[in-house]
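Work through the exercises below with the sequence and the model side by side. Try each task before reading its solution.

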Amino acid sequence: MTETASAKPKKVSKPKAKPTHPPTSVMVMAAIKALKERNGSSLPAIKKYIAANYKVDVVKNAHFIK
């Protein structure tokens, strides 16, 4: 129980960079409107549209797109 053990220096964290793309829900809605599928758009088609138009890593955002 020394003073050096309890007085650890705090880590300074950098502020997070804001994403350059809109929220995922907005991207999915734009994809559905742009694809204009009569029976609905498939999940691979939506992912392909988002990857092409917003330059987003679809693999990282896959759990938001379902």
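**Exercise 1. Find what share of the contacts with a separation of 6 or more joins residues 24 or more positions apart. Then describe the fold and its surface.**

Solution. This is a predicted model.
- Step 1. Take the contacts in the protein with a separation of 6 or more; residues 24 or more positions apart account for 27% of them.
- Step 2. List the secondary structure. The protein has 4 helices and 0 strands. Along the sequence the pattern reads α-α-α-α.
- Step 3. Check burial. The protein has 66 residues, and 15% of them count as buried.
- Step 4. Turn to the surface. About 6,100 Å² is accessible, and carbon and sulfur atoms hold 59% of that area.

**Exercise 2. Test the length of helix 3 against the expected span.**

Solution.
- Step 1. Set the limits. Helix 3 covers residues 43-54, which makes 12 residues.
- Step 2. Get the expected span. Multiply 1.5 Å by one less than the number of residues. The result is 16 Å.
- Step 3. Compare. From first C-alpha to last, helix 3 reaches 16 Å, close to the expected value.
- Step 4. Look just past the end. Lys55 follows helix 3, and its phi is positive, near 50°.

**Exercise 3. Describe how helix 2 and helix 3 pack.**

Solution.
- Step 1. Choose the descriptors. Two packed helices are described by the angle between their axes and the distance between the axes.
- Step 2. Read both values. The axes of helix 2 (residues 24-35) and helix 3 come within 9 Å and cross at roughly 105°.
- Step 3. Classify the angle. Angles of 65 to 115 degrees count as roughly perpendicular. Helix 2 and helix 3 are therefore roughly perpendicular to each other.
- Step 4. Name the partners. Helix 2 contributes Met27, Val28, Ala30, Ala31, Ile32, Ala34 and Leu35. Helix 3 meets them with Ala45, Ile46, Tyr49, Ile50 and Tyr54.
- Step 5. Sort them by type. The contact of helix 2 with helix 3 has 12 nonpolar residues, no polar and no charged.

**Exercise 4. Decide for Thr24 and for Ser25: buried or exposed? Then relate each to Phe64.**

Solution.
- Step 1. Place them. Thr24 lies in helix 2, and so does Ser25.
- Step 2. Apply the cut-offs: under 20% is buried, over 50% exposed. Thr24 has a relative accessible area of 14%, so Thr24 is buried. Ser25 stands at 52% and counts as exposed.
- Step 3. Find the partners of Thr24. Beyond residues up to four places away in sequence, Thr24 touches Phe64 and Ile65.
- Step 4. Take the distance for Ser25. Its C-alpha and that of Phe64 are separated by 8.0 Å, though the two residues are 39 residues apart along the chain.

**Exercise 5. Characterise Lys36, Lys55 and Val58 in their loops.**

Solution.
- Step 1. Start with the backbone rule. Most residues other than glycine have a negative phi.
- Step 2. Examine Lys36. Its phi is positive, about 50°, although Lys36 is not a glycine. Lys36 sits in the loop between helix 2 and helix 3, and at 70% relative accessibility it counts as exposed.
- Step 3. Examine Lys55. This residue lies in the loop between helix 3 and helix 4 (62-65). Lys55 is exposed, at 72%.
- Step 4. Examine Val58. Its place is also in the loop between helix 3 and helix 4. Val58 is buried, with a relative accessible area of 13%.
- Step 5. Find what Val58 touches. Setting aside neighbours within four places in sequence, its contacts are Lys47, Ala51 and Ile65.

Definitions and conventions
Residues numbered from 1 in each chain as written. Predicted model: local features only at pLDDT ≥ 70, side-chain atom pairs only at ≥ 80, totals over all residues. Heavy atoms only, no water. Helix = DSSP H or I, 4+ residues; strand = E, 2+ residues; numbered from the N terminus. Buried < 20%, exposed > 50% of the residue type's maximum accessible area, 1.4 Å probe, protein only. Contact = heavy atoms within 4.5 Å. Areas by Shrake-Rupley, 256 points an atom, 1.4 Å probe, with all protein chains shown as cover. Axes fitted to C-alpha atoms, helices over the stretch in contact; angles between N-to-C directions. Parallel < 35°, antiparallel > 145°, perpendicular 65-115°, else oblique. Nonpolar A, V, L, I, M, F, W, Y, C, P; charged D, E, K, R; others polar.
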